[in-house]
Amino acid sequence: MIRSDHAYTEIINKAMEDAQRKANSHHVLEFDQYDIRFIVQEAINPRKVQPVGNFTISLDQRWCDCGKFQKVHMPCLHVVTTCKHAHHEYRAYIDLVYTLE
């Protein structure tokens, strides 16, 4: 995992700012006692303005039902919501390829 003091590309910084802002419209419904497996309810899809559904997140496996976490190797909106809920640093889940160092 990477430290939170790494410098990231501008694209990642903007994407993470956007995810943090949108995370307020999502809710963690369930989580395990070890804070690694979560179910997040996407309350409102900003594009459709309607309830969407639930997504399962496994932080230790770097996996989310939406597929973005696995595909682009950076936290999706659901992972950011999960990290916020569990007081985890979401930057720890950003792949090294996105750092400027």
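Author: Two strands count as paired if DSSP finds at least two bridges between them. Keep in mind that this model is predicted.

Reader: In which sense do strand 1 and strand 2 pair?

Author: Take strand 1 as residues 26-31 and strand 2 as residues 37-42. Five bridges link them, and the cut-off is at least two, so they count as paired. The sense of the pairing is antiparallel.

Reader: Which residue in the turn between strand 1 and strand 2 has a positive phi?

Author: The two strands form a hairpin. Five residues lie between them. The one with a phi of about 55° is Asp35.

Reader: Which residue stands opposite Phe38?

Author: Phe38 belongs to strand 2. Strand 2 pairs with strand 1 in the antiparallel sense. Opposite Phe38 stands Phe31.

Reader: Which side chains of strand 2 point to the buried face?

Author: In a regular strand the side chains alternate between the two faces of the sheet. Strand 2 shows this alternation. Arg37, Ile39 and Gln41 point to one face and are not buried. Pointing to the other face, and buried, are Phe38, Val40 and Glu42.

Reader: How many bridges join strand 2 to strand 3?

Author: Strand 3 covers residues 53-58 and runs antiparallel to strand 2. Val40 stands opposite Phe55 of strand 3. The number of bridges between strand 2 and strand 3 is six.

Reader: What pattern do the helices and strands follow along the sequence?

Author: The protein has three helices and four strands. Read along the sequence, they give the pattern α-β-β-β-β-α-α.

Reader: Which element supplies the largest share of the largest nonpolar core?

Author: That core has 24 residues, and those with the most contacts inside it are Met16, Ile57, Leu59 and Val79. Helix 1, strand 2, strand 3 and helix 3 each supply at least two core residues. The largest share, five residues, comes from helix 3.

Reader: Which residues of strand 2 does Leu59 touch, leaving aside neighbours within four places in sequence?

Author: The contacts of Leu59 include Asp35, Ile36, Val79 and Tyr93. Strand 2 covers residues 37-42. From that range, the list of contacts holds Phe38.

Reader: Is Thr81 buried or exposed?

Author: Thr81 is found in helix 3. Beyond its neighbours within four places in sequence, its contacts include Ala23, Val28 and Val40. Its relative accessibility is 6%, and the cut-off is under 20%, so Thr81 counts as buried.

Reader: Which residue's backbone oxygen does the Thr81 side chain reach?

Author: The side chain of Thr81 belongs to a residue in helix 3, residues 77-86. The distance to the backbone oxygen is 3.0 Å. That oxygen belongs to Leu77.

Reader: Is His87 buried or exposed?

Author: His87 lies in the segment after helix 3. Its phi is near 60°, a positive value in a residue other than glycine. Its relative accessible area is 74%, and the cut-off is over 50%, so His87 is exposed.

Reader: What is the relative accessibility of His73?

Author: His73 sits in the loop between helix 2 and helix 3. Its phi is also positive, near 55°. His73 counts as partly exposed because its relative accessibility is 44%.

Reader: Which element has the highest mean pLDDT?

Author: The mean pLDDT of the protein is 85, and 86% of its residues reach 70 or more. Among the elements, strand 1 has the lowest mean, 87. The highest mean, 96, belongs to strand 4.

Note on methods
Residues are numbered from 1 along each chain as its sequence is written. This is a predicted model: local features need pLDDT of at least 70, side-chain atom pairs count only at pLDDT 80 or more; totals for chains, interfaces and linings use all residues. Side-chain values use heavy atoms; hydrogens and water are left out. Buried means under 20% relative accessible area, exposed over 50%, partly exposed in between (1.4 Å probe, protein chains only). A polar contact is a pair of N or O atoms within 3.5 Å; within protein, one must be able to donate a hydrogen and the other to accept it, and residues adjacent in sequence count only if both atoms are side-chain atoms. Contact means heavy atoms within 4.5 Å. A nonpolar core is a set of buried Ala, Val, Leu, Ile, Met, Phe, Trp, Tyr and Cys residues joined through side-chain atoms within 4.5 Å. pLDDT is the predictor's confidence in each residue, from 0 to 100.
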